[in-house]
Amino acid sequence: MKKLLLTICVSLFVFTGCGKSQKTSENFMSENQNVRLENFFNKIRNKQNVTVVCMGGSITSGYNANPIKTASWAGQTEAWLNNLTAENKSSMTFFNMGMGGTDSAFGVARVDDHIINKNPDLVILEFAMNDQWLDPAVRQRTYESIIRKILSKTDAAVLALFVNERKAPYSSNQAEQQKICEYYHVPFVSWKDSLFEENPSADFEGFFDGTETIHPSNAGHASIAGYITKTLNQVWENLPAEKNILLPVKELPLPLTDCGYENVKYYTSDNTVPVENDGWEADSPVHDEWQRYGSSHKGWQTKEQMAEMVIEVEGSSVGVTYCESDQFQDAVIWVCDEEDNDLCLTELKNYVSYRNGYYGWFYRELIHGDEIKKYRVHVGVYDMFGDNEEGKYTNITGILCAQ
């Protein structure tokens with residue numbers, strides 16, 4: 001441990017792509033942008049049941065909308081689709097899998113449980129808000145991986161939603177995500193762009209209450225839902241006369257990034273036992289929304305100073321998910337190879353003073369490589385910077401490994 005404390009390393013990586021993908025016409029997605037949406041609507045015309053899944057952060061879950069279920073953009077989109085399916089003697093199963101703090105890194109940990117296993121016909125993704133705070137070395141890789149996984153593992157149409165902060169320049173991660181959507185011919189709705197195209201002098205700030213800068217008011221949710229349903233309705237009204245359902249493209253173009261997160265293993269206390277454990281228990285905070293959706297997972301937590309555990313994992317990239325709050329204390333995590341050579345050490349800032357009375361989620365990538373290797377991940381409670389207080393918990397919720 002002493003050697004590690006003297007050689008703290010933090011790995012930083014710049015997005016450059018995997019080197020094998022070049023932007024030629026042959027590499028772009030060959031599928032027409034609306035084929036999967038037309039298939040979705042053809043199922044409705046053919047009186048089949050359809051399944052819709054929305055995944056994103058707190059704006060998708062409906063935070064700040066009242067009542068949350070019906071006033072949120074997802075709730076209003078559900079109502080529009082319910083009317084459409086009823087009119088056409090079809091039926092719909094709708095899942096709002098929005099969960100506060102979900103960025104695309106947390107999304108790849110959830111995608112199998114909360115999207116793929118639902119066998120959806122339409123998926124609406126909202127990660128542009130939270131991804132702007134995700135490590136730039138990670139976020140394009142994880143976002144692209146989610147897109148690729150849905151397109152290759154399901155027949156579902158994907159519609160991307162880009163939302164923005166309240167004040168100019170209306171920050172979000174739209175610019176990066178839009179390029180990925182365009183590459184895969186995934187249609188998208190940009191709330192800000194749609195609003196200002198319709199009315200260049202629109203009062204964007206008027207869609208937020210009080211001092212709120214992130215979460216729209218009821219008026220904001222209604223505006224978002226209006227542009228989503230407008231986009232869907234345009235496809236519906238322009239459906240070809242034939243009611244055929246076409247086979248979607250499953251052989252995707254070369255990835256823009258290394259895209260290792262398309263296949264992951266999420267090591268949690270549900271599926272993993274530490275090979276060494278001194279003071280950690282199999283438990284961790286679990287978001288209430290995740291519990292409501294089922295398929296929730298817990299990691300490990302401890303109050304003990306000097307507690308330490310070792311988890312053996314395998315992957316090309318290795319990262320850790322954990323919770324932040326003013327109620328937690330910090331932890332230390334380091335990674336060794338199979339020969340126990342120290343590779344990287346960093347502090348996990350579980351203690352975040354401004355998260356009063358609630359917790360947020362954080363993902364930190366520790367190892368970024370091209371080959372799948374075995375690693376030993378050590379997690380300990382060592383107060384490196386004097387921030388810890390005895391009697392407080394620290395936690396990790398899981399180890400996420402790209403395969």
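Start with the whole chain, coloured by burial: of its 403 residues, 56% count as buried. The model is predicted, and the accessible surface of the chain comes to about 17300 Å². Carbon and sulfur atoms account for 46% of that surface.

Next, switch the colouring to pLDDT. The chain averages 90, and 92% of the residues score at least 70. Then select residues 1–26, where the pLDDT is below 50. Beyond near neighbours in sequence, this stretch has 39 contacts in the model.

Return to the full chain and show it as a cartoon. Twelve helices and 14 strands make up its secondary structure. Turn the view along the principal axes: the C-alpha atoms fill a box of roughly 70 × 50 × 35 Å. The radius of gyration is 22 Å, which agrees with the value near 22 Å that a compact globule of 403 residues would have. If you display contacts between residues at least 6 apart in sequence, 82% of them join residues at least 24 apart.

Now show the charged side chains. There are 35 positive and 56 negative ones. The centres of the two sets lie 5 Å apart.

Select residues 35–45, which form helix α2. How many of the eleven residues of this helix are buried? Eleven of the eleven are, so α2 is largely enclosed by the rest of the structure. The buried residues include charged ones by name, among them Arg36, Glu38, Lys43 and Arg45, as well as Leu37, Phe40, Phe41 and Ile44.

Keep α2 selected and add the elements its buried residues pack against. The helices to add are α5 (73–87), α8 (136–153) and α11 (218–237). The strands are β1 (49–56), β3 (122–126) and β4 (157–162). Before leaving this area, step to lysine 47, just after α2: this residue takes a positive phi of about 65°.

Move on to helix α6, residues 104–114, and pick phenylalanine 106 within it. Is this side chain's residue buried or exposed? Phenylalanine 106 has a relative accessible area of 3%, so it is buried. Show the residues in contact with phenylalanine 106, leaving aside its neighbours within four places in sequence: they are Met99, Tyr266, Trp290 and Trp361.

For a last stop, draw a C-alpha to C-alpha distance from phenylalanine 106 to serine 284. The two residues are 178 apart in sequence, and in space the distance between them is 16 Å.

Technical notes:
Residues are numbered from 1 along each chain as its sequence is written. This is a predicted model: local features need pLDDT of at least 70, side-chain atom pairs count only at pLDDT 80 or more; totals for chains, interfaces and linings use all residues. Side-chain values use heavy atoms; hydrogens and water are left out. pLDDT is the predictor's confidence in each residue, from 0 to 100. Contact means heavy atoms within 4.5 Å. Helices (H or I, at least four residues) and strands (E, at least two) are DSSP runs, numbered from the N terminus. The radius of gyration is taken over C-alpha atoms; the globule rule is 2.2 Å times the number of residues to the power 0.38. Buried means under 20% relative accessible area, exposed over 50%, partly exposed in between (1.4 Å probe, protein chains only). Accessible areas come from the Shrake-Rupley method with a 1.4 Å probe; for residues, only the protein chains shown count as cover. Lys and Arg count as positive and Asp and Glu as negative; His and the chain ends are not counted. The place of a charge is taken as NZ of Lys, CZ of Arg, CG of Asp or CD of Glu.
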